Amino acid sequence: MSRIIGVKARQVLDSRGTPTVEAEVKTLDGVYRAIVPSGASTGVHEAVELRDKGKHYFSAGVSKAVNNVNSIIAKAIKGQNSVSQKKIDEIMIKLDGTPNKGKLGANAILAVSMAVCKAGSASKHLPLYDFIGKLYGVDPKVMPVPMCNVINGGKHAGQENSIQEHMLIPSGAKSYSEGLMMVVESYHQLKVMLKKKYGASGILLGDEGGFAPKQLTKMEDRFSLMLKAVKKAGYDGKVDLAIDAAASEFYAKGKYTLEGKKYDADQLIRHYEKLASKYPLVSLEDGFAEDDWKSWVKLNSHLGKEVQLVGDDLFVTNTLRIEEGILKGAANAVLIKVNQIGTVSETLDAMKMAHEVGWSSIISHRSGETEDAFIANLAVGTNDGQCKFGAPARSERVTKYNELLYIEEDLGEKAVYPGKDFRKIGL
Ligand code: PGA
Ligand code: ZN
């Protein structure tokens with residue numbers, strides 16, 4: 001039993017050099033810190049990220065959120081038992097009192113929620129992933145299949161009208177570490193090819209560490225080059241493809257403008273169908289905009305059997321929206337981002353709701369990330385089976401992949417890698 005004896009926060013920087021909140025929770029066991037990530041292509045239904053709107057840091061300072069932790073939140077949770085995650089999260093939700101954490105800020109609340117989780121795991125003398133397993137009610141053993149973003153586009157690369165993320169899924173690997181090696185080697189082969197084709201400007205990077213070659217304007221060309229890189233690395237047939245279209249970003253007035261061409265919903269569905277029949281495209285995220293439910297339902301009826309259709313901006317890790325999606329049959333998978341909802345407990349609730357109806361979920365980073373590897377533990381702690389942590393490069397991405405290497409070692413013989421079965425929850 002470890003009572004919380006201190007809570008404080010400070011303003012630190014994320015991977016884009018933008019301020020974010022770090023919280024610190026103190027118990028007799030030690031001091032536990034957590035840092036909140038931040039998105040660029042954020043969904044309009046996400047919980048509120050409190051920003052100062054002041055003179056410094058281009059109005060993006062978080063001193064108000066930091067003050068909320070240091071005063072209001074600290075006072076309310078000091079003395080609580082650090083292992084009581086749900087109770088502490090509920091105290092903070094109540095204290096905020098708004099449906100979108102607009103008063104205290106989801107960035108303030110989440111930083112404390114994750115730090116409490118780390119303190120709780122230390123108090124129980126458990127690795128963080130194991131402690132999360134207890135909270136979720138599973139015995140952690142499933143290593144996630146990584147979705148590695150090797151070509152960045154859209155808002156993450158300063159490009160308009162283009163697909164945001166092009167990812168490699170090493171589903172033919174036998175273990176997580178082998179899968180990671182496959183995508184790392186393919187990533188480096190891709191770099192060599194891009195450099196040869198387009199020179200230095202072809203290997204510039206986007207926010208998530210993938211290449212952002214502005215010359216590669218067609219999706220089919222990007223897919224072909226990715227598959228060539230995989231082949232050159234020696235893994236032909238062992239790596240599948242995924243995209244995050246982030247379609248809210250290229251949607252206006254009922255039309256989707258992609259690669260300079262306008263599509264209505266039916267045309268875009270045909271476009272996706274064509275891609276899925278020509279390439280090993282097994283997962284499609286945000287194929288339609290965040291409130292275009294009708295098109296999502298249609299897409300699901302066309303492609304939902306063969307392809308994982310993932311709602312990110314559509315669901316924003318929120319049980320109310322996930323429930324709506326389940327009732328409508330709008331998708332078959334949910335992207336999970338802790339800062340879209342703002343507490344560890346509500347994140348687990350969102351996953352439970354999806355898993356109970358047989359939907360898969362993917363634990364995801366944000367484009368603005370930090371050195372915090374909490375989400376790697378969340379992926380294994382829930383036996384989720386999939387993770388999306390960006391390119392296998394740049395420290396804010398690699399820290400998560402590296403944490404998974406440690407967890408795989410810690411699990412030893414018990415570790416299971418789902419491979420082609422990455423959509424089967426809990427395996
Ligand atoms: P974001 O992008 O963190 O900029 O929102 C990630 C995603 O859309 O999945
Ligand atoms: Zn997304």
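A cavity is a set of grid points where a 1.4 Å probe fits but cannot get out, and its lining residues have an atom within 4 Å of a point. The model shown in every view is predicted.

**Figure 1. The shell around ligand 1.** The shell holds 15 residues. A40, H156, R366, S367 and K388 come nearest to ligand 1. By class, 8 shell residues are charged, 5 are polar and 2 are nonpolar. Domain 1 (6-125) and domain 2 (145-421) both contribute to this shell, so ligand 1 lies between them.

**Figure 2. Polar side-chain atoms beside ligand 1.** Three side chains are picked out here: S367, R366 and E285. For S367, a side-chain N or O atom is 2.6 Å from an oxygen atom of ligand 1. For R366, a polar side-chain atom lies 2.7 Å from a ligand 1 oxygen. For E285, the separation between a polar side-chain atom and an oxygen atom of ligand 1 is 3.2 Å. Ligand 1 alone exposes 280 Å², and the protein buries 100% of that area.

**Figure 3. The largest cavity, occupied by ligand 1.** A search of the whole structure finds 3 cavities of 30 Å³ or more. Ligand 1 takes up the space of the largest one. That cavity holds about 60 Å³ of space. Its lining is made of 14 residues. H156, E165, E208, K337 and S367 lie nearest the centre of the cavity. H156 and S367 are also among the residues that come nearest to ligand 1. The lining divides into 7 polar, 6 charged and 1 nonpolar residues. Both domain 1 (6-125) and domain 2 (145-421) supply lining residues, so the largest cavity lies between the two domains.

**Figure 4. The second largest cavity.** About 50 Å³ of space lies in this cavity. I35, P37, M114, V338, E369, T370, D372, F374, I375 and K400 line it. Of these residues, 6 are nonpolar, 3 are charged and 1 is polar. Domain 1 (6-125) and domain 2 (145-421) each give at least three residues to the lining.

**Figure 5. The linings of the two cavities by class.** The largest cavity has 1 nonpolar residue in its lining. The second largest cavity has 6 nonpolar residues. Polar residues number 7 in the lining of the largest cavity and 1 in that of the second largest. Charged residues number 6 in the largest and 3 in the second largest.

Technical notes
Residues numbered from 1 in each chain as written. Chains lettered and ligands numbered in written order. Predicted model: local features only at pLDDT ≥ 70, side-chain atom pairs only at ≥ 80, totals over all residues. Heavy atoms only, no water. Near = heavy atom within 4 Å. Polar contact = N/O pair within 3.5 Å; in protein donor to acceptor, adjacent residues only side chain to side chain. Areas by Shrake-Rupley, 256 points an atom, 1.4 Å probe, with all protein chains shown as cover. 1 Å grid on protein atoms, 1.4 Å probe; cavity = no way out; pocket = protein on both sides within 12 Å on 5 of 7 lines; lining within 4 Å. Sits in = over half its atoms within 2 Å of the grid points. Nonpolar A, V, L, I, M, F, W, Y, C, P; charged D, E, K, R; others polar. Domains from an automatic or database assignment. Points joined across faces, edges and corners; volume = space filled by probe spheres on them.
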